[in-house]
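Here is a short note to read beside the model. Please keep the structure open and find each residue as it comes up.

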Amino acid sequence: MGRLDAVPDLQRTLKWALQRQNNGYQGRVNKPADSCYSFWVGAAVELLGGHELVDAGAVSAFLVQCETRFGGIAKFPDEFPDPLHAALGIVGFTFCNPDEFPRMSPTLLLPESLVDRLYVKASKRSTSSHNDNARAQ
């Protein structure tokens, strides 16, 4: 994490990710859009700073088509839902509707507010542990 600077050509990578949008996102060329890629590819686009280049309305519309009458989100429209596609589809939906939902972390699949709180707690715990070790010596 924190190593986007190690990617040799970020613009080329972003272009590839943006080309995966076909209403929803597809995982590979010549494959149909799949709800889980709204997270996998959507997160890559978020991390690479290309959110404003996405047709968020088309991705959202695709995900709404994947919602089922049973509840949940399916891999494709008119199929049965499963927990993986539901979770990834929901987070992908938040990327397309940032003003309507809490900001989600594209790296951890969690609300950024929670990630920030966990990071602060971990930092405090690390600092406290370091200080305890220094006092013990």
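1. The cavity. The largest cavity holds about 50 Å³ of space. Keep in mind that this is a predicted model. The count comes to one cavity of 30 Å³ or more.

2. The cavity lining. Which residues line the largest cavity? They are Tyr25, Ser38, Gly42, Val45, Glu46, His51, Val54, Gly92, Phe95 and Cys96. Two elements give two or more residues to this lining: helix H2 (37-47) and helix H4 (83-96). H2 provides the largest share, with four residues. Sorted by class, the lining has five nonpolar, four polar and one charged residues.

3. The largest nonpolar core. This core has 16 residues. Tyr25, Val41, Val45, Val54, Val59 and Phe62 have the most contacts inside it. Helix H1 (10-19), H2, helix H3 (56-66) and H4 each give two or more residues to the core. Which element gives the largest share? H3 does, with five residues.

4. Val54. Find Val54 next, as it appears both in the cavity lining and in the list of core residues with the most contacts. Leaving out residues up to four places away in sequence, Val54 touches Leu18, Gln21, Tyr25, Val45 and Val59. Another core lies apart from the largest one. That other core has seven residues, including Cys36, Ala43, Leu88 and Val91.

5. Helix H2. Several residues of H2 are buried: Ser38, Phe39, Val41, Gly42, Ala43, Val45 and Glu46. What covers them? The cover includes H1, E2, H3 and H4. Look also at what comes after the helix. H2 is followed by Gly49, which has a positive phi, near 75°.

6. Salt bridges, first pair. The model has three salt bridges by the rule used. In general, side chains of opposite charge can pair when their charged atoms come close. Lys75 and Asp34 form one of these bridges, at 3.8 Å from N to O. Lys75 sits in the loop between H3 and H4, and Asp34 in the loop between strand E2 (24-25) and H2. The pair links distant parts of the chain, 41 residues apart. Are the partners buried or exposed? Lys75 is partly exposed, because its relative accessible area is 31%. Asp34 is at 6%, so it counts as buried.

7. Salt bridges, the network. Start with Arg103 and Glu46. Their side chains meet in a salt bridge at 2.8 Å, N to O. Arg103 is in the loop between H4 and helix H5 (112-136), while Glu46 is in helix H2. This pair also links distant parts of the chain, 57 residues apart. Glu46 has a relative accessible area of 14%, so it is buried. Arg103 is partly exposed, at 40% relative accessibility. Now add Glu112. Its side chain meets that of Arg103 in a salt bridge at 3.5 Å, N to O. Glu112 is partly exposed, with a relative accessible area of 27%. Glu46, Arg103 and Glu112 are thus linked in a network of salt bridges. Recall that Glu46 also lines the largest cavity.

8. Trp16. This residue lies in helix H1. Trp16 counts as partly exposed because its relative accessibility is 43%, and the limit for buried is under 20%. Compare its position with Arg28. The two residues are 12 places apart along the chain, and their C-alpha atoms are separated by 10.0 Å.

9. Positive phi outside glycine. Most residues other than glycine have a negative phi. Which residues should be checked here? One is Asn23, which is not a glycine but has a positive phi of about 70°. Asn23 is in the loop between strand E1 (21-22) and E2. Its relative accessible area is 51%, so Asn23 is exposed. Another is Asp78, also not a glycine, with a positive phi of about 65°. Asp78 lies in the loop between H3 and H4. Asp78 counts as exposed because its relative accessibility is 81%.

How values were computed. Residues are numbered from 1 along each chain as its sequence is written. This is a predicted model: local features need pLDDT of at least 70, side-chain atom pairs count only at pLDDT 80 or more; totals for chains, interfaces and linings use all residues. Side-chain values use heavy atoms; hydrogens and water are left out. On a 1 Å grid over the protein atoms alone, a cavity is a set of points where a 1.4 Å probe fits but cannot get out, and a pocket is an open set with protein on both sides within 12 Å along at least five of seven lines; lining residues have an atom within 4 Å of a point. Grid points are joined across faces, edges and corners, and a volume is the space filled by probe spheres set on the points. Ala, Val, Leu, Ile, Met, Phe, Trp, Tyr, Cys and Pro count as nonpolar, Asp, Glu, Lys and Arg as charged, and the others, Gly among them, as polar. A nonpolar core is a set of buried Ala, Val, Leu, Ile, Met, Phe, Trp, Tyr and Cys residues joined through side-chain atoms within 4.5 Å. Buried means under 20% relative accessible area, exposed over 50%, partly exposed in between (1.4 Å probe, protein chains only). Contact means heavy atoms within 4.5 Å. A salt bridge is a side-chain nitrogen of Lys or Arg within 4 Å of a carboxyl oxygen of Asp or Glu.
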